[in-house]
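Reader: Please walk me through this model, starting with the terms you lean on.

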Amino acid sequence: MVNGGGDVEPQFLSTAIKKQALRNAILHKGKADSNAVVSKLIGERPELKGQARQILGLAESVIAEVNAMTLDQQRQRLQQTTLDLQPIAVKARKKGYLPELPHHERVSVRFAPNPNGPATLGSARGIVVNSEYAKRYGGSFILRFDDTDPQTKRPMLEAYDWYLEDCKWLGAAPDVVVNASDRMETYYHYAEELIAQGAAYVCTCSQSQFKKLKDTGVGCPDRDNAAEKNMRLWKQMLDGRLGEKEAVLRIKTDITDKNPALRDWIGFRIVDTIHPRGIAFRVWPMLDFESAIEDHDLGVTHIIRGKDLRDSERRQEFLYKYMGWTYPFTLHWGRISIHEFGKFSTSKLRSEIAQGLYRGWDDPRLPTLMALRRRGFSPEAIRLFILKLGINESDVSVSLENLYAENRKLVDPIAHRYFFVSDPITMSIMNAKPTTGRPPLHPSSSAVFREIPVEGSVCVSAQDLSSSGLDLVRLKDLYNVRIVKKEPLEAEYAGDKITKGARIIHWAPPNGPQVEVFTPNGVDIGIGEPGIAAELGRVVQFERYGFARVDQVLEHHGQTKIICYFTHK
Ligand SMILES: [Zn+2]
């Protein structure tokens, strides 16, 4: 949605859906139909159209909740409900996180990763900020793969799709996708134009020879070669007569420039490695050359990038001057460091994953977007986290707690609650009648509850017990027990009424599924409620433990095992 639009907060949405679902259920013998609910809601509130996907996602769980009620409960709920939808007036998406772009009559922005690994939380900044600007000004957002280094920062074939998927997930589907490696002929075309102009030359010096000369502000012997000779040598680079490291094509700048990094920089080098996409060229443009050409050819108007790339910009400006082009408007941001993630090297990670030190690129310990997605983060939380960082030139150091706080605001109102007991020990309970525990599915409504049958024993966590003496304990939403003996653990039933001062502890049925939660700090293993299995793919809250996404439900010899990925506390 372009400027001025805005999304409705999820908690408001689920309220609106619930009201619609209750109405629909009452009309249809107590069973609401999700399609009917969603289309009715959007019909009444066309401004929600843009959020149809989000609504469908929310509707499923809300409708399940409504359909679990009796018809009477549904009627009562609809009547007594204070679900006044007036305050749902669409909140304009908060402006002000990002400054206005100068010269925004026409906006075309790009995010240009090298796909040599998956997108990280750091990449999310480039994706979110650029696409946000494109949306704000009705411009276009380009995803360009700067993939012209087949050797040192060799692209990963899978990463192209991963980036695209991550962009879409973040609500930033690109308008245009370009692979630089598809455009080699274009780069050659410009290289030859520069050679003909005398603005580029083939240098056959060794690296150290050239450096020695350059550092003292002296041009190498090749610098004054005639264009015809340069063109001949360039053809020899292309056809293989010149080998790797025997020659490079340099862009002529000012050999006495105050900044040695700008002096006659390399535009192309020879790399005798087949590109992972099977592209059989041997002379590859350096990133500065490739991206300078692409930004011009794609009509990029604004480049938003790290301030560490200033030298790049200066180098590219020489090229723009030779070609008679205007350099895009640039904005710079400082580095972001996230406390919880140290420096990650993509190539190091790749080998550590191959060695089995991580479960994959989506291991919960990694800062990749696919890991955050698997852990159940909402893309909206990531978007807000990024936008609130702004685009200042100063470096920012930030804690993941900020991201957790954003995400908590979104999942807390909708995530179903369950008991999960880690390090479980069995507590046998004397004198207890078989009964059913009925804790609410969400604290906002006690009318919708889980059902956990309990006979003569429950599982409790060893840690919970170690800190309590031999006394009265309340099993949450069940009944009280008095602990009689610690080893083996025995207790006796001590009434249903909530007793003041009794410690409340969580529990799970001994025959509940085994639950394994993969967290950034390791794996927590325990027992959970049977209902968790129905939450496959969703984020739930394990009470007093934290949020987690139900990743897999496995059946093995009649036993259920549930794999979860920890979101945050
Ligand atoms: Zn030279």
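Author: Two strands pair if DSSP finds at least two bridges between them. Helices (H or I, at least four residues) and strands (E, at least two) are DSSP runs, numbered from the N terminus. This is a predicted model, where local features need pLDDT of at least 70 and side-chain atom pairs count only at pLDDT 80 or more, while totals for chains, interfaces and linings use all residues. Residues are numbered from 1 along each chain as its sequence is written, and side-chain values use heavy atoms, with hydrogens and water left out.

Reader: How many helices and strands does the protein have?
Author: The C-alpha trace spans about 100 × 55 × 40 Å along its principal axes. Over that span, the secondary structure comes to 16 helices and 28 strands.

Reader: In the open sheet of 6 strands, what is the strand order?
Author: Start at the edges: strand 19 (457–461) and strand 23 (503–505) each pair on one side only. The pairing across this sheet is mixed. From edge to edge, the order reads 19-14-22-21-20-23.

Reader: How are neighbouring strands of this sheet turned against each other on average?
Author: The axes here are lines fitted to C-alpha atoms (for helices over the stretch in contact), and angles run from 0 to 180 degrees between N-to-C directions. For this sheet the direction is ignored, and the average turn between neighbours is 40 degrees.

Reader: Do strand 14 and strand 19 pair in the parallel or the antiparallel sense?
Author: They share 5 bridges, and one of the facing pairs puts Ile425 opposite Val460 of strand 19. Strand 19 is also mostly covered, with 4 of its 5 residues buried (under 20% relative accessible area; exposed is over 50%, partly exposed in between, with a 1.4 Å probe and protein chains only). The sense of the pairing is antiparallel.

Reader: And which residue of strand 22 stands opposite Ser428?
Author: Strand 14 (residues 424–430) runs parallel to strand 22 (residues 490–493), with 3 bridges joining them. Opposite Ser428 stands Glu490.

Reader: Through how many residues does the hairpin join strand 16 to strand 17?
Author: Strand 16 (residues 440–442) and strand 17 (residues 445–449) are antiparallel partners over 2 bridges. Pro440 faces Phe449 across that pairing. The hairpin connecting them runs through 2 residues.

Reader: Is the aromatic pair of Phe145 and Tyr163 stacked, tilted or edge-to-face?
Author: Rings of Phe, Tyr and Trp (its six-membered ring) pair if their centres lie within 6.5 Å; planes under 30 degrees apart count as stacked, over 60 as edge-to-face and the rest as tilted. The structure holds 21 such pairs. Here the centres are 6.0 Å apart with 70 degrees between the planes, so this one is edge-to-face.

Reader: How far apart in sequence are the parts that this pair ties together?
Author: Both Phe145 and Tyr163 are buried. Phe145 belongs to strand 2 (residues 140–145) and Tyr163 to helix 6 (residues 157–169), so the pair links parts whose separation in sequence is 18 residues.

Reader: What about Phe419: which arginine has its charged end over that ring?
Author: Phe419 also forms a tilted pair with Trp507, at 5.5 Å centre to centre and 50 degrees between the planes, and both residues are buried. A charge sits over a ring if NZ of Lys or CZ of Arg is within 6 Å of the ring centre and within 35 degrees of the ring normal. At 4.7 Å from the centre of the Phe419 ring, the residue in question is Arg450.

Reader: Which helix gives the most to the largest nonpolar core?
Author: A nonpolar core is a set of buried Ala, Val, Leu, Ile, Met, Phe, Trp, Tyr and Cys residues joined through side-chain atoms within 4.5 Å. This one has 43 residues, and those with the most contacts inside it are Leu121, Leu369, Ile382 and Leu403. Elements supplying at least two residues each include strand 1 (108–111), helix 13 (369–374) and helix 15 (400–411). With 7 residues, the top contributor is helix 5.

Reader: What arc do the buried residues Leu349, Glu352 and Ile353 cover around the axis of helix 12?
Author: Those three are buried in helix 12 (residues 346–354). They lie on the same side of helix 12 because the arc (that of the directions from the helix axis to the C-beta atoms) is only 100 degrees.

Reader: Which exposed residues sit on the face turned away from that buried side?
Author: Just after helix 12, Gly356 takes a positive phi of about 85 degrees. On helix 12, the face away from the buried side carries Ser347 and Ala354.
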